[in-house]
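Reader: I'm in my first year and still getting used to looking at structures. Please pick the strand pairing here and go through it slowly with me, then tell me what lies around it.

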Amino acid sequence: MPTDIRTRSRELFERAQACIPGGVNSPVRAFRSVGGDPIFIREASGALLRDVDGNEYIDFIGSWGPMILGHAHPRVVEAIARAAAHGTSFGAPCELEVELAERVRSAFPSMEMVRMVNSGTEAGMSALRAARGFTGRSRVIKFVGCYHGHADSFLVKAGSGALTFGTPDSAGVPAEVAAHTITLPFNDTRAVQEAVERHGKEVAALVVEPYPANMGVVPPAPGFLEFLREITTAHSIVLIFDEVISGFRVAYGGAQERTGVRADLTMLGKIIGGGLPVGAYGGRRDIMSCVSPLGPVYQAGTLSGNPLAMAAGLATLRLLAEDRDIYNRLERSAARLEKGLREVGEDAGVPMICNRVGSMMTGFFHQGPKVDSYETACEADTAFYGHFFRNMLKNGVMLAPSQFEAAFVSAAHTDEHVDRAISAARSAMQTMRA
Ligand code: KE4
């Protein structure tokens, strides 16, 4: 059981803040929205994290999605070690890159050509540039609450009127860049219809997380993705599915396998790197043929296709492909967790809405009746979530340090892990209601 001892974490956090902005290399890790100081991890294995003070946690962050097999899977670790023994980077193509591209293509038939990059952000910025180069258009449509990495064109909130020019959602994003982005409400077909009717001829791409997980999990309304496919086809707009999270998560072939809706370009990341830095983008051959050195759209990367990252990704995807029951087991574990959390909320008289797609879910502390948009997600009680998060930490469970993220169940989570998390939640609620 974890203790409240966080001496070493605190020391490291002090040192980190002296030389790293906020003491972290990615903002959400700073625990700013849940309170308390970040915990520094020494090691992870299977479903467990162990911090630098020796406290152990059942992990539902899963490195924000990549660790679908659990941490330090022996076959993944062995693949990385074997690759490393032959050199860590060549600056020249290698067989592993071809194998991973072929495997991605077999899982995502819409991805006729694939380019490896080093993050989901790079995948998004590159896919958008390819769409702009292919269409000769500049505008992009995205949805509020969907996150596609931190490229300038995606850090844009809705303008004064949703259909007008976007305004920067971060300092450092020039207004001129933001003006090309139209940010619309998710699941709002009428808003999309109006925006496309007004600006369709200038729109290069519509980018969407088919199963949004960055406002918490908010599934698409029935028919919404099919509607996006139809309207983008009708106006020659490139439909980009951001499957950085959903790819190989909600199904081996991601949202496209689950829904049958085929994107023009797809962004991937997280799971395809098996925990190492990998992103990918790809899709229609006619669009990808615009990408250098084939065409005029420039995109490059020193470590793109890195052999260690390819080896980790290949080992992960091979394991997912070999064991097709794995997705049924993930579904069963996640459904068990969801059921248990709902019961805990009901027994404690705490209103909770649980949105789940496969092995990713979010429990919103929300009156209901549903959370089906960014607006309704924002009505969640984030203060209550922060209190719950800190109590769950004390009880040995690591949730995402934000109400607006997903909890991920891995193949390493056993019924015992899930049941321990449910009883930790019950005890957290009792503490909070006391
Ligand atoms: P990266 O650049 O962080 O590899 O990927 C960006 C990205 C793109 N698309 C989607 C749907 C994503 O969820 C992400 C990154 N996800 C966040 C958390 N949801 C990563 C965590 C972090 O920023 O530290």
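Author: Let's start with two terms: strands here are DSSP runs of E with at least two residues, numbered from the N terminus, and two strands count as paired if DSSP finds at least two bridges between them. Before you zoom in, keep in mind that this is a predicted model, in which local features need pLDDT of at least 70, side-chain atom pairs count only at pLDDT 80 or more, and totals for chains, interfaces and linings use all residues. Residue numbers run from 1 along each chain as its sequence is written, and side-chain values use heavy atoms, without hydrogens or water.

Now find residues 48-51, strand β2, and residues 56-59, strand β3. These two run antiparallel and are joined by three bridges. You can check a couple of partners yourself: Arg 50 is matched with Glu 56 in β3, while Leu 49 has Tyr 57 as its partner there. Follow the chain from β2 to β3 and you'll see a hairpin, with four residues between the strands. In that turn sits Gly 54, with a positive phi of about 90°.

β3 has another neighbour, too. It pairs with β15, residues 397-398, this time in the parallel sense and over two bridges. Asp 59 is where to look, as its bridge partner in β15 is Met 398.

Put it together and you get an open sheet of four strands in the order β1-β2-β3-β15, with mixed pairing. The edges are β1 (41-45) and β15, each of which pairs on one side only.

Where does this sit in the bigger picture? An automatic or database domain assignment sets the bounds, giving domain 1 (7-60 + 325-433) and domain 2 (74-322). Their C-alpha centres are 26 Å apart. Where the domains touch (heavy atoms within 4.5 Å), 23 residues of domain 1 meet 19 of domain 2.

Back to Asp 59, since it also helps line a cavity. On a 1 Å grid over the protein atoms alone, a cavity is a set of points where a 1.4 Å probe fits but cannot get out, and lining residues have an atom within 4 Å of a point. Volume is the space filled by probe spheres set on the points, which are joined across faces, edges and corners. The whole structure has two cavities of 30 Å³ or more. The one with Asp 59 in its lining is the second largest, at about 40 Å³. Gly 46, Ala 47, Phe 408 and His 413 are among its other lining residues. The lining splits into four nonpolar, six polar and one charged; Ala, Val, Leu, Ile, Met, Phe, Trp, Tyr, Cys and Pro count as nonpolar, Asp, Glu, Lys and Arg as charged, and the others, Gly among them, as polar.

Last, have a look at the largest cavity, with a volume of about 230 Å³. It has 21 lining residues, and Leu 341, Gly 363, Tyr 385, Leu 399 and Ala 407 lie nearest its centre. Two or more lining residues come from each of α11 (326-348), β14 (360-364) and α13 (382-394), where α marks a helix, a DSSP run of H or I with at least four residues. By type, this lining has 16 nonpolar residues, four polar and one charged.

How values were computed: On a 1 Å grid over the protein atoms alone, a cavity is a set of points where a 1.4 Å probe fits but cannot get out, and a pocket is an open set with protein on both sides within 12 Å along at least five of seven lines; lining residues have an atom within 4 Å of a point.
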